[in-house]
Every structure is written in structure tokens, then in C-alpha cells.
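Subject: Structure handover

Hi there,

Here is the structure I promised to pass on to you. Have a look at it first, and then read on for what turned up.

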Amino acid sequence: MRLRALSGFGEKGPACFLLEIHGRRILLDLGRGPDGDALPDLAGVAPVDAIVFSHGHADHTGGLHLATDLGNPPLYAPGPSILLAPDPALKEARPLEALREILGLPFCSGPAGHAPGASWIRIGGRDGLLYTGDLSEESLLWRCTMPPRARVLLADASYGAADEPLSPQIGQMLALTDGPLLLPAPAGGRGLEMATAFQTAGHAVRLCPAHRAVAGAMLEAVPWLAPGGAAALRRLLAESGPLDEDSAAGGVMVAAGPNAERGVAGALAPRFIAEGSARVVFTGHLSGGTPAPEWVACGKAQFRRWNVHPTLSGLKAVVAAADPERVMPAFCTAAMRDDLALLIDRPVVTEPEITW
């Protein structure tokens, strides 16, 4: 068996990994970004026998148009990712949930928190590979289960050795509500979780149409929700106010997209900043090529992390559950990887390729 990181190793780059196992070649994710339109280098990769997606975010699916260069293999993805997919090709993917094998190989998957449908994936049984995709056991709405054992673990290490839990981050965010607050966020991710937390704390919440659409869709996918998630989404839809591109500042406003680069947030954020009418707070990766990094750097907007990836404690819990011989940390810099090597009780892979 061989795992090769085509992208997403030693950097916060698009997710794309090639697994060669028992004569099969399986691509795990095929992303774009998150900084600009970066794409994996697929030179010499074709053909592949299947592409398996861990969830629907663009940095995991945004390179799907390159599938034609790989022989147009069959696609597999979690049910909610198929349901919410903007790409017609992903709409035709086969759902992961009921699969017990793929291409004749032992297969299982399960919910990984983080976002609607986000899944961990194991291929090859106990002696095979476990890929966490993007994972967060702290998710307020999206269900997460600990994965099974595997010989090699390809793990979301986006936060490196950072270990601040979500609960104090929520407290810090709630302290910012002395005036109108705009939270740009991905509709299929932490946006609805933040809205739930603010609403539970008694604040008036307003949601853009994209967030409302995801909330309504996920009420049809209750098994993917954390305990209490369905009730929280129903309350959000019933009690939150509307938010569109022409809205005035007021209350806690949750709007797509995550870096105010598009959508309702893209229309509201520059206006609110110019008017000084609302505080703008980004809570995820500040993507290059978008307004967010410059606004934060010059003090026009703020950054407050809202965990949607594993903390160090969370990563250690995944390692304990999977009990791997080796760990390949993904989506972090080489320096962050080196820090983890001193803190995780397993050998950490330092090269983009591993065989076993």
C-alpha cells in the first residue's frame, strides 16, 4: 500500500491524496484553494479507479473539473455533500454511508463533525488507511464519531499544536455583541453553529438565504446532526430574521461567504466597514486573494477563531482511537508538523509519500 500527498501536505493547500492499495488507485478529495485558485498537480497520476470525497467544501471538491484528466472515474461522497453540491457532477456521486466495500476493498465511513456530511474514511480495513478529512469533535450541530483502527492515519492537523477548546472561543465571541456584528461564514459549516450559539445566549440572529437553505436541507438529514441539532435548526429557521445584500446593520448577522469575497457577506462587509455601522469578525482561514487578510491586518475587521478542526487534544483522541503505526499530518505547515512530532505518541511522517 502506498499513500502520496499530491497537495495538502506541508501547507494549507487543496486536499488531494492518492492511495494505491491492492492494485487499485483511489484519489481522496480533489480540492481547489483555499488561497486563490490553487489546484493539485496531477501530472502522471492518471488513470485512477475512483475519487472519494470527504465532504463538500471547495478545498476538497473544487478541482472536480480535473476528473476528465483522470479517466472520469466513479465519484463517491457523503449524502449531505451530494444534496448540497453546487457542481452537477458531484450531484451524481454515489453515497458513502451504506458502503461496506469500494472496488472490492473493505470500506467504512462515519460523521466527522466540521460541516454537513463531513466524514472520516477507512479503506483497506485494520491494515489500511484512515483519512479523517476535516474533523471536529466539538461541532455544535454536525455529528462526529471517533473512527476505527487503521495502520496509517492521514489526519487533519490544520491547527497544529493549538489546544484552545471551542467553549472559551464562544465566550469571546459573545463579548463582541455590544453593537451589530457581522459574521462572514460558509453556509455549509460553522455559520449555522455560530448562529445557534448566539441565539441560545439570547441574541437576535439574522441569517442570509444561503444559510437558511442549508438549515432546511439538513433537517432532511437528521442522522448527520449532533444531539439537539434538529431542534436548534428548527428554532433558527423559525426565530431568526432575514438578511440580504441591502440589509441595514443590526443584531448578529451570519452571512456567506467566509472571507466576504462573495455572497451577502461580500455585499455587506465593505459597506458596514465604510459606515462603521457593524463590527466584522472573521472566524476561519483568512484566504489569500480575498479582502479578509488586509482588513484584519489594518484593523478594519477582527479575527477570532471558531474551532472547526481538531485541537491538539482532539487530534490525540483520534490517534488513540485509530491506534496507527504512523501519522501523516495534513493541512499544516512543516513547522507545525514538526511541533506535532514532539507531542503525538506515534511516528509522524515527514515526507509526502509513505508505503506499508
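Leu154 counts as buried, because its relative accessibility is 0%. Please keep in mind that this is a predicted model. Leu154 sits in strand S11, which covers residues 152-156. Leaving aside residues up to four places away in sequence, Leu154 touches Leu3, Phe17, Leu129, Leu130, Tyr131, Thr132, Met328 and Ala330. For a sense of distance, the C-alpha atoms of Leu154 and Asp59 are 16 Å apart in space, with their positions 95 residues apart in sequence.

Gly202 makes a good contrast. You will find Gly202 in the loop that joins H5 to strand S13 (205-207). Is Gly202 buried or exposed? Gly202 counts as exposed, since its relative accessibility is 63%. Measuring tape aside, the model puts Gly202 and Ala248 21 Å apart, C-alpha to C-alpha, and they are 46 residues apart in sequence.

Next, the helices. Two packed helices are described by the angle between their axes and the distance between the axes. Helix H4 (residues 166-174) packs with helix H5 (residues 190-200) at an angle of about 65 degrees, and their axes are 11 Å apart. H4 is therefore roughly perpendicular to H5, a class that runs from 65 to 115 degrees. The crossing of H4 and H5 is right-handed. On the H4 side, the contact is made by Ile170, Met173 and Leu174, while H5 contributes Met194, Ala197 and Phe198. By type, the residues of this contact of H4 with H5 are 6 nonpolar, no polar and no charged.

Last, the cysteines. How many disulfides does a search of the whole structure find? The search finds 0 disulfides. Why is Cys108 not bonded to Cys144? The sulfur of Cys108 has its closest cysteine sulfur in Cys144, 14 Å away, which is too far for a bond, because a disulfide needs the two sulfur atoms within 2.5 Å. The view from Cys144 agrees: its closest cysteine sulfur is in Cys108, at 14 Å, again too far for a bond. The two residues also fall into separate accessibility classes: Cys108 is buried, with a relative accessible area of 16%, whereas Cys144 is partly exposed, with a relative accessible area of 24%. The dividing value here is 20%, because buried means under 20% relative accessible area.

Happy browsing, and do write back with any questions.

Best wishes

Key. Residues numbered from 1 in each chain as written. Predicted model: local features only at pLDDT ≥ 70, side-chain atom pairs only at ≥ 80, totals over all residues. Heavy atoms only, no water. Buried < 20%, exposed > 50% of the residue type's maximum accessible area, 1.4 Å probe, protein only. Axes fitted to C-alpha atoms, helices over the stretch in contact; angles between N-to-C directions. Helix = DSSP H or I, 4+ residues; strand = E, 2+ residues; numbered from the N terminus. Parallel < 35°, antiparallel > 145°, perpendicular 65-115°, else oblique. Left-handed = near helix turned anticlockwise from the far one by under 90°. Contact = heavy atoms within 4.5 Å. Nonpolar A, V, L, I, M, F, W, Y, C, P; charged D, E, K, R; others polar.
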